[in-house]
Amino acid sequence: MAAVIRRGIEGLGVLLACLMTMAVAQAQPLERIQVAENVYALIGPMEQRSARNLGNNANFGFIVGEQGVILIDSGGTLLGAKAIEQQIRAVTDKPIKLVINTGGQDHRWFGNAYFSVQGAKTLTSTQTQEDQQARGETQVERTSGYTQQSWAGTELQVAQNSVDAITDMTVEGVRLQLIPVGPAHTGGETLLWLPEHKLLFSGDVVYMDRMLGVGPQSQHLAWIEAFKVIQQLQPNVIVPGHGQPTDLAGAERDTYRYLVFLRKSVGQLVEEGEDMSAAAAIDQSQFSYLEVYEQIHKRNALRVFEEMEWE
């Protein structure tokens, strides 16, 4: 009887593994773009998290080094992490040695545990790490609800290592710089700069092609200051948190210009003694070319008003 039960359990495990493999195969694929020698961006869909996209509704990246791979952001679910790994395996069979989280949003780090089990180290800034610790459990409820059956097996693991300041390092023969920039879209953002390529993985400090979201966890003024760090770097290529790779001018158009516009427009209302309802009526139509404009532009203005009331 014990042998029969054991075979049944083993069979169930095989079935579950097959179902998970099928889910990855049927997921909405990431778009892989080579942005420099041995450096790749993985472009996710600009839509809400879902079972089909595995919570990977964002951009990721990887760098192929001498003996291993550096991964930038680990996916929104266990299956999302496996989908990212599948993209890496299409390029190289080298092991993933380091995972760098650029932020505390779910799709930046919910795949950490999967890669950690394989021996990868996980790294971010201390402020990003603190944001992961503070908001992780509350994000689980939302992300698991959106991703439904694709959430299966996902376990949270905060980045295990952190840096407190701008940090230069060489990993697998690749020169990197981690740049903590503090709050922006989330409570702590971390830039990854490749000086030899003048290439930046910005995480959610930069949104391209879709409207950025100023949420309850966001700090719009600090976000503007974080963007100024990018302007000082003068990157040739930016892999944004969402949207297609761009140059600095594109990032300024779709992210910086919008943040400055919101702050100026809302600030005028505050000075005139208007109430919050006036913020929703701000004419933002010049940014209507951005994806999800209709869904979030009023919400963004209300959130900025809420922040500025207390400045």
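Colleague: What makes the reach of helix H2 (residues 78–89) close to the expected one?

Modeller: This is a predicted model, and in it H2 reaches 17 Å from its first C-alpha to its last. H2 has 12 residues. The expected span is 1.5 Å times one less than the number of residues, so for H2 that comes to 16 Å. Set 17 Å against 16 Å and "close" is fair.

Colleague: And why is H2 called mostly covered?

Modeller: A residue counts as buried when its relative accessible area is under 20%. In H2, nine of the 12 residues are buried, so "mostly covered" fits. Among them are Leu78, Leu79, Ile84 and Ile88, and also Glu85 and Gln87.

Colleague: What about strand E6 (residues 121–125), why is that one described as mostly covered?

Modeller: With the cut-off for buried at under 20%, four of the five residues in E6 are buried.

Colleague: How do you know which strands E6 pairs with?

Modeller: Pairing takes at least two bridges. Strand E5 (residues 96–100) is joined to E6 by three, running parallel, and Leu98 stands opposite Lys121 there. Strand E7 (residues 161–163) also has three bridges to E6, again parallel, with Ser125 partnered by Val163. Both therefore meet the rule.

Colleague: What makes the link from E6 to E7 a β-α-β crossover, and which hand does it have?

Modeller: The chain leaves E6, passes through helix H5 (residues 126–147) and arrives in E7. The crossover is right-handed, which means that with the strands pointing away from you the path runs clockwise.

Colleague: Now the voids. Why is the space of about 50 Å³ called a cavity?

Modeller: Because a 1.4 Å probe fits there but cannot get out. The structure holds one cavity of 30 Å³ or more. Strand E12 (237–242) gives the most to the lining, three residues.

Colleague: What makes five of the residues lining that cavity polar?

Modeller: Gly counts as polar, so Gly61, Gly203 and Gly241 join Asn59 and Thr102 in that class. The lining also has five nonpolar and two charged residues; Asp73 and Arg108 are the charged ones.

Colleague: And why is the space of about 630 Å³ a pocket?

Modeller: Because a pocket is an open set of points, whereas from a cavity the probe cannot get out. Of its 28 lining residues, the closest to the centre are Gln48, Arg49, Gln105, Arg142 and Arg299. By class, the pocket lining has 12 polar, nine charged and seven nonpolar residues.

Definitions and conventions:
Residues are numbered from 1 along each chain as its sequence is written. This is a predicted model: local features need pLDDT of at least 70, side-chain atom pairs count only at pLDDT 80 or more; totals for chains, interfaces and linings use all residues. Side-chain values use heavy atoms; hydrogens and water are left out. On a 1 Å grid over the protein atoms alone, a cavity is a set of points where a 1.4 Å probe fits but cannot get out, and a pocket is an open set with protein on both sides within 12 Å along at least five of seven lines; lining residues have an atom within 4 Å of a point. Grid points are joined across faces, edges and corners, and a volume is the space filled by probe spheres set on the points. Helices (H or I, at least four residues) and strands (E, at least two) are DSSP runs, numbered from the N terminus. Buried means under 20% relative accessible area, exposed over 50%, partly exposed in between (1.4 Å probe, protein chains only).
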